Amino acid sequence: MDVQLQRVIAEVLGIPAERVHAHLRREDVTEWDSLNHLRLITAIESELGAAFTMEQIAAVSTIGDLERALGRPAEDGFSSGASR
Amino acid sequence: MQLSSDFPALTVEHARELDPWALSTVQVHRMVRELRQAADPAQVRLAFAGNVVFDPLPEFVEAHLACHGMTSRSYAAPFGQGLQGVLTPGSALQRFAPNFIFLHFELQALLPGLLEQIGDSADSHERCVAEILRSIEPAVRSALACTEAVILLSNFPGPDCYELGIADPRSDFGEQEFFARLNSRLARSFRAEPRVQIVDLCRLTAIHGRSRARDRRLYYMAKLPWHQSFLPVIADELVRHIGAALGRIRKCLVLDLDNTLWGGVLGEDGPHGVRVGMGDPVSEAHLDLQRRIRALKRRGILLAVCSKNNPADVDEVFRVRTDMPLRREDFVCMQVSWEPKHEGLRRIATQLNIGTDSLVLLDDSPAEIELVRQMLPEVECVRVPDRPELRPCCLDRVHGLDRVVITTEDVTRSDQYRQNSARETSRAMFDDLRGYLLSLQTRITIRPLGAQTLTRAHQLLGKTNQFNLTNLRPSLGELQSRVRDQSCRVLAVRAQDRFGDLGWIGVVLLAGLSGREARIENFVLSCRAMGRAIESAVLNQVKHACFADWQCQSLIAEFRPSAKNAPVSELYEEHGFRLLDTDASGTKRYRLERGDSTATPCEWIAVDAS
């Protein structure tokens, strides 16, 4: 996956970069609560120059969803239905 | 936990050298995580309360504070808890013991439906303003009552589009006018309350762009009102307020001349050739810069010149260029010579009797600035921007030039320093010091602290370094508590002489007056008032108050050494106090028994202590 994205996620959630992969789900990461989710979104937006819609923000439940919302396809077919 | 090594490492010690504006969101996040692990005592304890979710604003404020050299802790009141519950004795916020509280309200959430009524009728503006103030004031009052904190209260930016569209200004009940009125009333309601400072969110959103400052997505989803890009802007403004309230101010702006006050080089272009005034773009930029510098005098900031030039040339340019906003007499000190800048800066500080850490230097030369940074790292250096259009605003980012409040003493400060040089001149005419002191006809007034003197006393305690016996610097809230406390007295001292009014120049903190043993907890005197035994007259009065008025048996005093207060290290010895002991840090404790108390002669000072 995108190295910069991986770093931002690891940094904001305070988890090791190795843990960050497309299959990682919100419910698997204690630190990924609703407040940190918005932090994560705004950090990705400002670091990677992206902009998410409200629907995208609400629908993200895996790292793969984030990648797809960014228009960077996840490396496998795992999907959790991020709406575009 | 191991932090990913690809981001540049940030540590607490580095923070002071960082430009807070250059920090990315992730850097702020990381920096604050590291800062929060440090066990440093927090100089700033900042609470956030209102009707929004503040996170992650506190992180940005903590990061900015660190970059400005201040340690901090923050606490955000949980969202959705009624404000009356948050700001009461025993609440989590009160137990956090903040010294600053940022209060922010979103109007729509504060009074749903009210904003739709502002265009209803002739009296609806007034009614809505009153209703908004009625719902805010209790929160502010209870914050004032249950903490000693300074309240930073945000005002209300208007909407980014008006109900009436472009017809809004033509309407008698337009929204633009409503918000102007609301904010002016808000400011007026708290103008007399020294512990409330208005955070001008209107100005900040205007600069940043009203629509860009908000993030509607985050507000709808999580009640977070601000866009990520706006957080550093609010953080910077809060840090300005906090720094100024803590007395972290710079007293004197030192200006270079060539390519700083004017475009061009005086020695080459001549007095008529240097670029300032109307006519060409570069000259107009310097005209604006000079106007802005001149305006700083109204805040009480002293202006000085430090330039490598021929003194005669500089005298001439100020004589012939009457089109310049800045005149020779606007400067309290001129160092024009060919010696290194740091020597000139030291001389300016000595002459004004202030520390070099009170100086800001504006200069165009990177080499000069680099040298000053090496020799006098405590001087804040600002480089004149290369682009002329940026020059007029180049001092806006210097927090040390901001003041929480402008006192009468501030407005007249430059005059005070000029009176001082008149005093110096007069002094030269006397052979003996006593004759000179008698000729000054000094009169001092000593009064218990009142509403008019509170702000000035706080300012004096906050910024006086030399004549400061213990460096105890109470916050406004603590000062107010002392005024209410029956066993304490805060005395304010004012001085006048035949050259003019020096204003309120001294403060004494007395405690324990209702017992046997009274204490002088601090005594500060402005450096302008030193050298004529005003301190003796004040101590005579303190002794009289303790022993005669309050019938105390003894008076305890203390000298705590700091980097700068050596001039008063022997003050109490010189005034009859007995030294009890000196501890390892150099702190000296004294006692004066009632029976041993005598007045120190200072018959050249007339005292009014009614």
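Me: A residue is buried if 20 or more other C-beta atoms lie within 10 Å of its own. By that count, how many of the 610 residues of chain B are buried, as a percentage?

Reply: The model is predicted. In chain B, 40% of the 610 residues count as buried. For chain A, with 84 residues, the buried part is 35%.

Me: What makes chain B as compact as a globular protein of its length?

Reply: Chain B contains 24 helices and 18 strands. Its radius of gyration is 27 Å, and the globule rule gives 25 Å for 610 residues; the two values are close, so chain B is as compact as a globular protein of that length. Along the principal axes, the C-alpha atoms of chain B fill a box of roughly 75 × 70 × 65 Å.

Me: How many of the contacts in chain B between residues at least 6 apart join residues at least 24 apart in sequence, as a percentage?

Reply: In chain B the figure is 68%. For chain A, 47% of the contacts between residues at least 6 apart join residues at least 24 apart. Chain A has four helices and zero strands, and its pattern along the sequence is α-α-α-α.

Me: Why is a set of residues called a nonpolar core, and which residues touch the most other members of the largest one?

Reply: The name requires buried residues of the nonpolar kinds, such as Ala, Leu and Ile, joined through C-beta atoms within 7 Å. The largest such core has 133 residues, and those touching the most other members are B:Ala49, B:Ile101, B:Leu103, B:Ile151, B:Leu152 and B:Val507. Helix H12 (residues 231-245) of chain B contributes the most, eight residues. Domain 1 (12-245) and domain 3 (408-608) of chain B each provide at least three residues of this core. Beyond its neighbours within four places in sequence, B:Ile101 contacts B:Ala47, B:Ala49, B:Ala143, B:Thr147, B:Ala149, B:Ile151 and B:Leu152. A second core, separate and of 40 residues, has B:Ile348, B:Leu359, B:Ile369 and B:Cys381 among its members.

Me: Why are S6(B) and strand S7 of chain B said to pair?

Reply: Pairing needs at least two bridges between the strands. S6(B) and strand S7 (residues 302-307) have four bridges, in the parallel sense; they are therefore a pair under that cut-off. One of the bridges places B:Cys252 opposite B:Leu302 in S7(B). Strand S9 (residues 359-363) is also parallel to S6(B), again over four bridges, and B:Val254 has B:Leu361 as its bridge partner in S9(B). Within S6 (residues 252-255), B:Cys252 and B:Val254 point one way, B:Leu253 and B:Leu255 point the other way, and all are buried.

Me: Why is B:Lys223 called partly exposed, and what is unusual about its phi?

Reply: Partly exposed residues have counts between the limits of 12 or fewer for exposed and 20 or more for buried. B:Lys223 has 15 other C-beta atoms within 10 Å, so it is partly exposed. Most residues other than glycine have a negative phi. B:Lys223, however, has a positive phi, near 65 degrees. This residue sits in the loop between helix H11 (216-222) and H12 of chain B.

Me: What places B:Gln441 in the partly exposed class?

Reply: B:Gln441 has 13 other C-beta atoms within 10 Å and is therefore partly exposed. Its phi is positive, about 55 degrees, although B:Gln441 is not a glycine. The loop that holds B:Gln441 runs between helix H20 (433-440) and strand S11 (442-448) of chain B.

Me: Which peptide bond is cis, and what is its omega?

Reply: The bond between B:Asp55 and B:Pro56 is cis, with an omega of about 5 degrees. Most peptide bonds are trans. B:Pro56 belongs to the loop between strand S1 (44-50) and helix H3 (57-67) of chain B.

Me: How many residues of domain 2 of chain B are in contact with domain 3 of chain B?

Reply: Ten residues of domain 2 contact ten residues of domain 3 in chain B. The side of domain 2 that touches domain 3 has four nonpolar, three polar and three charged residues. The centres of these two domains, taken over C-alpha atoms, are 35 Å apart.

Me: Which helices of chain A supply at least two residues each to the side that touches chain B?

Reply: Helix H1 (3-13), helix H2 (34-48) and helix H3 (54-59) of chain A each do so. The contact involves 18 residues from chain A and 19 from chain B. H2(A) gives the largest share of the chain A side, eight residues. By class, that side has ten nonpolar, three polar and five charged residues.

Terms used: Residues numbered from 1 in each chain as written. Chains lettered and ligands numbered in written order. Predicted model: local features only at pLDDT ≥ 70, side-chain atom pairs only at ≥ 80, totals over all residues. Rg over C-alpha atoms; globule rule 2.2 N^0.38 Å. Contact = placed C-beta atoms within 7 Å. Domains from an automatic or database assignment. Nonpolar A, V, L, I, M, F, W, Y, C, P; charged D, E, K, R; others polar.
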